[in-house]
Amino acid sequence: ADIPVIPDLEEVQEEDLAMQVAAISSVQVNRVLTYYDLDKDLMKYAAFQTLDGEVDLKLLTKVLAPEHELQEDDVSWDWDHLFTEVSSELVTEWDLGQSERED
């Protein structure tokens, strides 16, 4: 009596799922840390200076680049200009390679 039954296609088509809306999930959003906060925490807590309690990351943390060195200005790309520039560099490299082979 408790045997599952596969519904007929007609039964499934009768159910109008188009008007049903899924319930909104509630997600707690935490504050995203800035580079400054991450840098400050990295130097402040010794726990961040080792990986799995075995790998010492102190040398790595000493040479990490600061945020102001990583920031880049937004540059818009023009496809035709970019394609021409890359093609030109490839042709130049190919010509240099050909001339080295001939020598």
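Here is a quick tour of this predicted model, from the overall layout down to a few residues.

**Overall layout**

The protein has five helices and two strands, and along the sequence they come in the order α-α-β-β-α-α-α. There isn't much of an interior here: of the 103 residues, just 4% count as buried. About 10,700 Å² of the protein is exposed, and 57% of that comes from carbon and sulfur atoms.

**How far to trust it**

The mean pLDDT for the protein is 77, and 77% of the residues score at least 70. Confidence isn't even along the chain, though: helix α5 (residues 79-102) has the highest mean, at 90, while strand β1 (residues 50-51) has the lowest, at 65. Where pLDDT is low, the predicted coordinates shouldn't be read in detail.

**A nonpolar patch on the surface**

Leu33, Tyr35 and Leu38 make up a nonpolar surface patch, and together they offer about 280 Å² of accessible area. Leu38 belongs to helix α2, which covers residues 35-44. Its relative accessible area is 42%, so Leu38 is partly exposed, as that value falls between the 20% and 50% cut-offs.

**Proline 66 and its partner in space**

Proline 66 sits in the loop that links α3 (58-63) to α4 (67-70). With a relative accessibility of 29%, proline 66 is also classed as partly exposed. Which residue lies 30 positions away from proline 66 along the chain, with 8.9 Å between the C-alpha atoms? That one is tyrosine 36.

Here are the two partly exposed residues side by side:

| Residue | Place | Relative accessible area |
|---|---|---|
| Leucine 38 | helix α2 (residues 35-44) | 42% |
| Proline 66 | loop between α3 (58-63) and α4 (67-70) | 29% |

Technical notes. Residues numbered from 1 in each chain as written. Predicted model: local features only at pLDDT ≥ 70, side-chain atom pairs only at ≥ 80, totals over all residues. Heavy atoms only, no water. Patch = residues over 30% accessible without salt bridge, like charges linked within 9 Å, V, L, I, M, F, W, Y side chains within 5 Å. Areas by Shrake-Rupley, 256 points an atom, 1.4 Å probe, with all protein chains shown as cover. Salt bridge = Lys/Arg side-chain N within 4 Å of Asp/Glu carboxyl O. Helix = DSSP H or I, 4+ residues; strand = E, 2+ residues; numbered from the N terminus. Buried < 20%, exposed > 50% of the residue type's maximum accessible area, 1.4 Å probe, protein only. pLDDT = per-residue confidence, 0-100.
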